[in-house]
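Walk through this structure with attention to three topics: the confidence of the prediction, the nonpolar cores and the sheet.

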Amino acid sequence: MRDAGPSATPPAQLVEKLGVHLDPELLVLSLTHRSFAHEAGGIPTNERLEFLGDTVLGLVVTETLYRRHPELSEGELAKMRAATVSQRSLAAIARELDLGAYLLLGKGELATGGRDKDSILSDTLEALFGAVYLTHGLEPAREVVARLVEDTLANAADLGAGLDWKTSLQELTARLGRGVPEYRCEGEGPDHARTFTAQIVLDGDVVGTGTGTAKKVAEQEAAADAYRALQEAAGAPVGPVATEG
């Protein structure tokens with residue numbers, strides 16, 4: 001386990017990876033998880049920056065998809081956006097930056113592997129986007145976000161049903177005449193290390209299961225499991241239909 005100090009790696013190295021200067025106070029704030037802030041006596045956390053960065057990220061991704069794919073419907077664009085800004089996708093980008101090495105975490109989160117949790121990594125990446133926006137404005141922030149999410153955006157066009165497993169599953173069950181999937185989700189463990197298990201029920205039978213560090217992640221995993229199982233039972237692939245409106 002890494003040192004439980006403020007951070008294992010100087011934040012200056014993260015700035016080099018981002019390729020843009022950041023206001024020093026905003027940089028530290030963007031890396032300050034609420035667990036660390038609580039142990040430090042209630043100092044500000046990165047949650048407000050995350051809120052801002054989420055909006056910047058959504059704008060950049062939505063505009064890029066709109067301009068890049070004039071042939072796609074609103075529903076198809078929405079699926080591609082959801083896949084690009086998902087917790088898992090953002091966490092993967094954060095790992096490429098080795099973002100976990102720079103996090104300011106409390107002892108509890110450090111002890112339970114907080115430096116590699118999808119939820120913490122994705123939230124911190126959004127906070128960094130917020131810090132870039134406040135330091136430089138929209139255009140430089142747009143460049144940073146676009147550069148970091150480019151590979152994910154490019155791959156989204158090839159994900160098919162995996163763009164949004166829950167929506168794709170509902171479309172598939174409707175086409176198969178199986179009705180609407182029922183989601184049952186339970187969580188266990190302490191708040192800082194909670195694990196969720198989701199089940200999908202059709203006609204009283206469990207057709208898919210999934211786990212994750214957040215309810216929505218577990219449900220997407222379960223939907224993927226159910227989608228594949230139903231396709232296999234049908235004996236042939238049944239492609240998803242784009243959602244309109």
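Across the chain of this predicted model, the pLDDT averages 86, and 89% of the residues score at least 70. Two stretches score below 50. Residues 1-8 make up one of them, and beyond near neighbours in sequence this stretch has 19 contacts in the model. The pLDDT also stays under 50 over residues 238-245, for which the model has 30 contacts beyond four places in sequence.

Next come the nonpolar cores. In soluble globular proteins, nonpolar side chains tend to be buried together. The largest nonpolar core in this model has 44 residues, and the members that touch the most others are Leu 14, Leu 18 and Leu 99. Two or more residues come from each of α1 (11-18), α2 (24-30), α4 (47-68), α5 (74-84), α6 (87-96), α8 (118-136) and α9 (138-156). Helix α8 gives the most to this core, with eight residues. As for Leu 14, its contacts, leaving aside neighbours within four places in sequence, are with Leu 27, Leu 31, Leu 97, Leu 99, Tyr 102 and Leu 128. A second core, separate from the largest, holds 15 residues, including Phe 196, Val 207, Ala 224 and Ala 226.

The sheet is the remaining topic. Its three strands run in the order β1-β2-β3, and the sheet is open with antiparallel pairing. Which strands stand at the edges? They are β1 (182-188) and β3 (205-212); each has a single partner strand, so one side of each is left without a neighbour in the sheet. From one strand to the next, the twist averages 20°. Helix α11, residues 215-234, packs on this sheet and touches β1, β2 and β3. The direction of α11 makes about 140° with that of β3.

The individual pairings can be followed residue by residue. Strand β2 covers residues 195-202 and is joined to β1 by seven bridges in the antiparallel sense. Within this pair, Glu 182 is opposite Val 201 of β2, and Arg 184 is opposite Gln 199 of β2. Seven bridges also link β2 to β3, again in the antiparallel sense. Here Ile 200 has Gly 208 of β3 as its bridge partner. Strands β2 and β3 form a hairpin with two residues between them, and in the turn Asp 203 has a positive phi of about 55°.

How values were computed:
Residues are numbered from 1 along each chain as its sequence is written. This is a predicted model: local features need pLDDT of at least 70, side-chain atom pairs count only at pLDDT 80 or more; totals for chains, interfaces and linings use all residues. Side-chain values use heavy atoms; hydrogens and water are left out. Two strands pair if DSSP finds at least two bridges between them. Helices (H or I, at least four residues) and strands (E, at least two) are DSSP runs, numbered from the N terminus. Axes are lines fitted to C-alpha atoms, for helices over the stretch in contact, and angles run from 0 to 180 degrees between N-to-C directions. Contact means heavy atoms within 4.5 Å. pLDDT is the predictor's confidence in each residue, from 0 to 100. A nonpolar core is a set of buried Ala, Val, Leu, Ile, Met, Phe, Trp, Tyr and Cys residues joined through side-chain atoms within 4.5 Å. Buried means under 20% relative accessible area, exposed over 50%, partly exposed in between (1.4 Å probe, protein chains only).
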